[in-house]
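Biologist: Please take a close look at the nonpolar core of this model. I would like one connected account of the residues that make it up and of what else is found in the chain.

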Amino acid sequence: MRICSLLPGATEIAFALGLGDEVVGVTHECDHPAEARHKPVVVRSLIDSNRMTSIEIDRWVSERLRNKQGLYIIDEERLREAAPDVILTQGLCDVCAIDYNEVVKASAILASKPKIVSLTPNCLTDVLSDVARVGEATGQGHKAEQVVRDLEQRISAVRERAARLSARPRVACLEWFDPIYAAGHWVPEMVELAGGQDGFGRKGEPSEKIDWKKVVEGAPDVIVLMPCGFDIKRTAKEATTLEQLEGWHDLPAVKAGRVFAVNGHAFFSRPGPRLIDGLEILAEIIHSEGFSRHRASDSVQRIL
């Protein structure tokens, strides 16, 4: 079987199911596990975010979407060479991955018609269901059941331990800083499972732009910075924007030194198995007294 994965989270699912050798095409963002970096790239981004500020990225993306223009491009020649039997893609977010309709259009050029598996998760349960769907589509149903069972056990372990703790701190998970976006989809659910209260993002709904006053009025006890596509170093650099906002230094989280930068694109933005690592990271951040800290500095870092 030949598989093209056009979504980093789907690539991680495929490798978790033992299908690494069958993956013959990925996106420019598919960097986990390390073996994925050596696969042919069939989808590239049209933006070089390393050369742009957060506000410039937001304006460029907004303008492209407003004009019904895509953010990614398929390398049709490499797609032909890959000749996939299965294409893993998504219909969740035009910002995170190539549009589903573009995938369907591009697949029409192939000599044989591949099976297109579109993943559209909005919560952790959906992500686990997608693992099962990929397993079914690739003949790895039994392995998928095992992977899902292991992930469910880890989720339950966090939920049960957090439930025994009395405090439930207010948590703000910020997915973008200029403008301010509160993380949505599965992140508010993860905060709840980890023993916190997220009054900023909406569970099961897309991340959304919010007024800074809402953050100030919400007085979060913990702030987790998780901009999509940024590593720890870039996140810490961009966070200086927040320090200029009125009321920042008066926030309980800032006063208590509980502002953390995390590797958002690795553990929070991608709907794949590593979201459970993200859940465990959140639990360690929110309840340091109840969860041991054992994460590397490239996963989470206290910045204030």
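Modeller: The core comes first, then a sheet, then a loop residue.

This is a predicted model, in which local features need pLDDT of at least 70, side-chain atom pairs count only at pLDDT 80 or more, and totals for chains, interfaces and linings use all residues. Residues are numbered from 1 along each chain as its sequence is written, and side-chain values use heavy atoms, with hydrogens and water left out.

A nonpolar core here is a set of buried Ala, Val, Leu, Ile, Met, Phe, Trp, Tyr and Cys residues joined through side-chain atoms within 4.5 Å, where buried means under 20% relative accessible area with a 1.4 Å probe, protein chains only. The largest such core has 57 residues, and C173, V224 and L282 have the most contacts inside it. Helix α13 (residues 275-286) supplies the largest share of this core, 8 residues; helices are DSSP runs of H or I of at least four residues, and strands are runs of E of at least two, numbered from the N terminus. Beyond its neighbours within four places in sequence, V224 is in contact (heavy atoms within 4.5 Å) with V171, A172, C173, L174, F260, V262, L282 and I285. Another core, of 21 residues, lies apart from the largest one and includes C4, L6, I98 and L110.

Six strands form an open sheet of mixed pairing, in the order β9-β8-β7-β10-β11-β12; two strands pair if DSSP finds at least two bridges between them. β9 (208-209) and β12 (300-302) stand at the edges with a single partner strand each, so one side of each has no neighbour in the sheet. β9 pairs with β8 (residues 180-182) in the antiparallel sense over 2 bridges, and K209 in β9 is the bridge partner of Y181.

H249 is found in the loop between α10 (240-243) and α11 (252-255). Leaving aside neighbours within four places in sequence, H249 is in contact with E243, V254 and K255.

Definitions and conventions:
Buried means under 20% relative accessible area, exposed over 50%, partly exposed in between (1.4 Å probe, protein chains only).
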